[in-house]
Structures are given as C-alpha cells and as structure tokens.
Amino acid sequence: MLSQLMKMRVMTAALLCACSFTLLACANMSKEEQGTIAGAVIGGVIGGELGEDNSKSTRNWKILAGAVIGGYIGGRIGENMDETDRLKAGHVLENNRTGHATSWVNPDSSSKYTMTPTNTYDSASGPCREYTMDAMIGGKRDTVYGTACRQSDGSWQIVN
C-alpha cells in the first residue's frame, strides 16, 4: 500500500502532467517540441520518485536525469506520431483487452508502433488505462509507459 506522502506525490505528478498536456495542446508548437516537454516533465517526476536514497542532492540528480531521458524519448515519439497514430492509439485503448497488443505502421513516416493496455481501472471522471507503447522510429526503438483516461467526448487523453 502506498504511504500518504507517496500518494500525494503521485497526485501532484498527475496534476502536473495533466496541466503540461493542457498547455501543450493550446501552444503553437511542433509535435516534437510538445513530446519533448511532456517527456521531460514526466521523466523528471519519475526520476524524483526512483530509489530509496532521497537526499536532496541525489534526488535533484535523479530529477535532472529523468527529465533529460524523458525529454529525448518524448521528442522522438512526438516528432513522428501524427493524428492518425493518435486515433489508432485511442482505438487500442477503447477496444483491446488488457495484455492484447496491436501494431501498426505509419504510412507517411514508416514509424512502427505496438501498443498494449496493461491495466484498466475506474477514476472519478471515467475509465483509465495504463499502457506500454513500443515505437520504432528511424531505426531506433523507444518504449513509453503511460496512462490515459477516456474523456466525456469519448476520446482518450494521456494523463501521465
């Protein structure tokens, strides 16, 4: 069971990520820039929570490393994922059973994606699904772990 402090950190991270995605959606930025910023925020949050050594200097280095790695991965995926890919990802989240992967190739970029829902749960706003996405972009493989929740309009929005 998560401690109260850990629950607060997770909620803060989720709120920070949700705010980041909301701001990014409104900004006039490229998909690569949006992915880089979102990846850096998520990576920094994850980095800050990793490990048992929580001295201030160690935690700061973990946050920095997480932000750099997350920014790189997010930028690579955001650069290549277009609206068709997002619609296919939404279809996977809506229709696939937990543990059942779906793969597709973007006809314009030749990027390959495999998405697998890994957990489904209900939240106050509706169903949410954790997932993994393997992406082969420009000959390099990246893996992203995230959570998306269904919105009132039926679309899926990444929350972290």
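Visitor: Taking a salt bridge to be a side-chain nitrogen of Lys or Arg within 4 Å of a carboxyl oxygen of Asp or Glu, how many salt bridges does the structure hold?

Guide: The structure, which is a predicted model, holds three salt bridges. One of them joins the side chains of R86 and E83, with an N to O distance of 3.8 Å, which falls within the 4 Å limit.

Visitor: Where do R86 and E83 sit relative to each other?

Guide: Both belong to helix α4, and because they are three residues apart there, about one helical turn separates them. R86 counts as partly exposed, its relative accessibility being 37%.

Visitor: And which residue does E94 pair with?

Guide: E94 forms a salt bridge with R150, and the closest N and O atoms of the two are 3.0 Å apart. That pair links distant parts of the chain, since E94 is in helix α4 and R150 is in strand β4, 56 residues away in sequence. E94 is partly exposed at 37% relative accessibility, and R150 is likewise partly exposed, at 28%.

Visitor: What about R141, which acid does that one meet?

Guide: R141 forms its salt bridge with D134, where the closest N and O atoms lie 3.2 Å apart. The two ends have their own accessibility classes: R141 is exposed, with a relative accessible area of 56%, whereas D134 counts as partly exposed at 22%. As general background, side chains of opposite charge can pair when their charged atoms come close.

Visitor: OK, switching to the overall fold. What is the order of elements along the chain?

Guide: The secondary structure comes to four helices and five strands, and from the N terminus on the elements run α-α-α-α-β-β-β-β-β.

Visitor: How are the strands arranged in the sheet?

Guide: The five strands form an open sheet in the order β1-β2-β3-β4-β5, with antiparallel pairing. β1 (102-105) and β5 (156-158) stand at the edges with a single partner strand each, so one side of each has no neighbour in the sheet. On average, and with direction ignored, neighbouring strands of this sheet are turned by 35° against each other.

Visitor: Start with the β1 edge. How many bridges pair it with β2?

Guide: β1 and strand β2, which covers residues 112-123, pair in the antiparallel sense over four bridges, and within that pairing S103 stands opposite T114 in β2. The two strands form a hairpin with six residues between them, and S110 in the turn has a positive phi of about 65°.

Visitor: And at the other edge, what stands opposite C149?

Guide: C149 stands opposite Q157 in β5. Strand β4, residues 140-150, pairs with β5 in the antiparallel sense over three bridges.

Visitor: Since C149 came up, which cysteine does it bond to?

Guide: C149 forms a disulfide with C128, their sulfur atoms being 1.9 Å apart, and the structure holds one disulfide. C128 lies in strand β3 and C149 in strand β4, so the pair ties together parts that are 21 residues apart in sequence. The torsion about the S-S bond is about 105°, so the disulfide is right-handed.

Visitor: Are those two cysteines buried or exposed?

Guide: C128 counts as buried, at 1% relative accessibility, and C149 counts as buried too, at 7%; buried here means under 20% relative accessible area.

Visitor: Staying in β3, what does T132 contact?

Guide: Leaving aside neighbours within four places in sequence, T132 is in contact with T114, M115, T116, T118, V144 and Y145. T132 has its place in strand β3, residues 126-137, and at 17% relative accessibility T132 counts as buried.

Visitor: Back to helix α4 for a second. How far is K88 from T102?

Guide: The C-alpha atoms of K88 and T102 are separated by 9.1 Å, and the two residues are 14 apart along the chain. K88 is found in helix α4, residues 83-95, and is partly exposed, with a relative accessible area of 33%.

Visitor: Last one, then: what do the totals for the chain look like?

Guide: Of the 160 residues of the protein chain, 32% count as buried. The chain exposes about 9,700 Å², of which carbon and sulfur atoms supply 60%. As for contacts with a separation of 6 or more, residues 24 or more positions apart account for 40% of them.

How values were computed:
Residues are numbered from 1 along each chain as its sequence is written. This is a predicted model: local features need pLDDT of at least 70, side-chain atom pairs count only at pLDDT 80 or more; totals for chains, interfaces and linings use all residues. Side-chain values use heavy atoms; hydrogens and water are left out. Two strands pair if DSSP finds at least two bridges between them. Axes are lines fitted to C-alpha atoms, for helices over the stretch in contact, and angles run from 0 to 180 degrees between N-to-C directions. Buried means under 20% relative accessible area, exposed over 50%, partly exposed in between (1.4 Å probe, protein chains only). Contact means heavy atoms within 4.5 Å. A disulfide is a pair of cysteine sulfur atoms within 2.5 Å. Accessible areas come from the Shrake-Rupley method with a 1.4 Å probe; for residues, only the protein chains shown count as cover.
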